[in-house]
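Let's walk through this model together, starting at the ligand and then moving out along the chain. Keep the structure open beside you as you read.

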Amino acid sequence: MRSLDEFATTKLAGLERADLRRRLVDTTRLDGIWAVRNGRRLLSFSCNDYLNLSQHAAVKAAAIEALQQFGTGSGASRLVTGNHPLFAALETRLARLKRTEAACVFGSGYLANIGIIPALIGASDLVLLDELSHACIWAGARLSRATVMAFRHCDLGHLRALLEQHRARHGRALIATDGVFSMDGDLAPIAGLAALAERFDAWLMTDDAHGIGVVGGGRGSAFTASAMPNGARAEVALQMGTLSKAIGAYGAYLCASACVIELIHNRARSFVYSTGLPPADVAAAIAALDLIEADPAYAALPLAKACAFTRRVGLPQAESPIVPLIVGDAEAALQASRLLEDEGFLVIAIRPPTVPAGTARLRFAFTAQHPDEEIRRLADVVRNRVLTAAQAQVDPVHGSQG
Ligand SMILES: Cc1ncc(COP(=O)(O)O)c(C=O)c1O
């Protein structure tokens, strides 16, 4: 249709003018850390494979064995015939790791969030989101048709004010947030959020896509020292996360009480009406969890490497393996990314709408196997050649996060 193509072309031209057009680039990941892109071998600081487990021999062997035994696909929704026995094994492991009664595995993080929230929350209810929550939390909240409000990033005072003003007018209430913020790398104030949830009878949901495997001894953001004042774990009724980052596979989970999980089986549309994950993927996730539980010191490495980087550059100390360097406008972020690529580093520029306007950035993701000497070289290039340009542009509100 001509009008359709005209619409697409005009939209793309607008994105191009604003430096916001995105393109797929073939990227061949060679192992956990190196990738070939545009014919060049680059050290990648843009993969979320924080523990490099997608390339681990034991993880791959588990996937191959499951593929041989059960085939390539699960063949149907889990509620029909797609519930191969590996799901129960994985869910038992996840519930144990997160110390909940039960768990439910979903096809992806996006599917999980757009399924979980509308299954629990409806039109007369209230959803309060940290403003920097991941796009799929926003999508799930909007799908629920509840009243959706954002509180300022990690601002407990603002959340409390919104609860005081609006909670009483709604039946159920949900507070949702990234546990580790995907583009900023900071931790949600989980203990404070849990206290407010308790006080206002709201349910707390964390998305730990970037927390599982790498913070809280590998158990995630609800198990970090700040989430456990006096050693007691903050109550997070709904612990969601993904299997696609530190776990090195694909898919997502919700860990919660047994009755909540059973309700999810019945009411989360992206669970009910979507095919179960392939057996090889589920087997890979189980093998990855085995490795993480067996070696917490290895799970601590990405954060330690991120801290070495922030120390050397002179940025605020990393709280997770993710370190943002906010540059300001999209073109400047692209330029900084190109400069690092010339030095042999792959650090993708993150631009709006993934991040708020004016906060385009470089996002560094550290992994267990990044060599220390390369991190030092990266830090020196960033300090001497990128930071000076970035500081000239940076939005003062976000400057404290680098
Ligand atoms: C915080 C967060 N939640 C959810 C997702 C989506 O997960 P998935 O890639 O499995 O759809 C991502 C990114 O992928 C994320 O960063």
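**A guided walk from the ligand outward**

A good place to begin is His-210, where a polar side-chain atom lies 2.7 Å from an oxygen atom of the ligand. A polar contact here is a pair of N or O atoms within 3.5 Å; within protein, one must be able to donate a hydrogen and the other to accept it, and residues adjacent in sequence count only if both atoms are side-chain atoms. Before going on, please note that this is a predicted model: local features need pLDDT of at least 70, side-chain atom pairs count only at pLDDT 80 or more, and totals for chains, interfaces and linings use all residues. Residues are numbered from 1 along each chain as its sequence is written, and side-chain values use heavy atoms, with hydrogens and water left out.

Two further contacts are worth finding on your screen. An N or O atom in the side chain of Lys-245 is 2.5 Å from an oxygen atom of the ligand, while Tyr-110 offers a polar backbone atom at 3.0 Å from a ligand oxygen. Taken alone, the ligand exposes 380 Å², and the protein buries 84% of that; these areas come from the Shrake-Rupley method with a 1.4 Å probe, and for residues only the protein chains shown count as cover.

Which residues are the closest to the ligand? They are Gly-109, Tyr-110, Asp-207, His-210 and Lys-245, out of 13 that surround the ligand, meaning that one of their heavy atoms lies within 4 Å of it. This shell divides into three nonpolar, seven polar and three charged residues. In that count Ala, Val, Leu, Ile, Met, Phe, Trp, Tyr, Cys and Pro are nonpolar, Asp, Glu, Lys and Arg are charged, and the others, Gly among them, are polar.

Now turn to helix H2, residues 57-70. Helices (H or I, at least four residues) and strands (E, at least two) are DSSP runs, numbered from the N terminus. The 14 residues of H2 reach 20 Å from first C-alpha to last, close to the 20 Å expected at 1.5 Å a residue, a span taken as 1.5 Å times one less than the number of residues. Val-59, Ala-62, Ala-63 and Ala-66 are the buried residues of H2; buried means under 20% relative accessible area, exposed over 50%, and partly exposed in between (1.4 Å probe, protein chains only). Seen down the axis of H2, these residues fall within an arc of 100°, so they line one face of the helix; the arc is that of the directions from the helix axis to the C-beta atoms. On the other side of H2, Ala-57, Ile-64, Glu-65 and Gln-68 are exposed.

Following the chain beyond H2, you meet Gly-82 in the loop between H2 and helix H3 (86-98). Gly-82 is buried, with a relative accessible area of 0%, and its C-alpha atom is separated by 9.8 Å from that of Ser-274, 192 residues apart along the chain.

Finally, some backbone details. Most residues other than glycine have a negative phi, and most peptide bonds are trans. Asn-52, in the loop between strand E3 (40-44) and H2, has a positive phi of about 60° although it is not a glycine. The peptide bond from Pro-352 to Pro-353 is cis, with omega near 10°.
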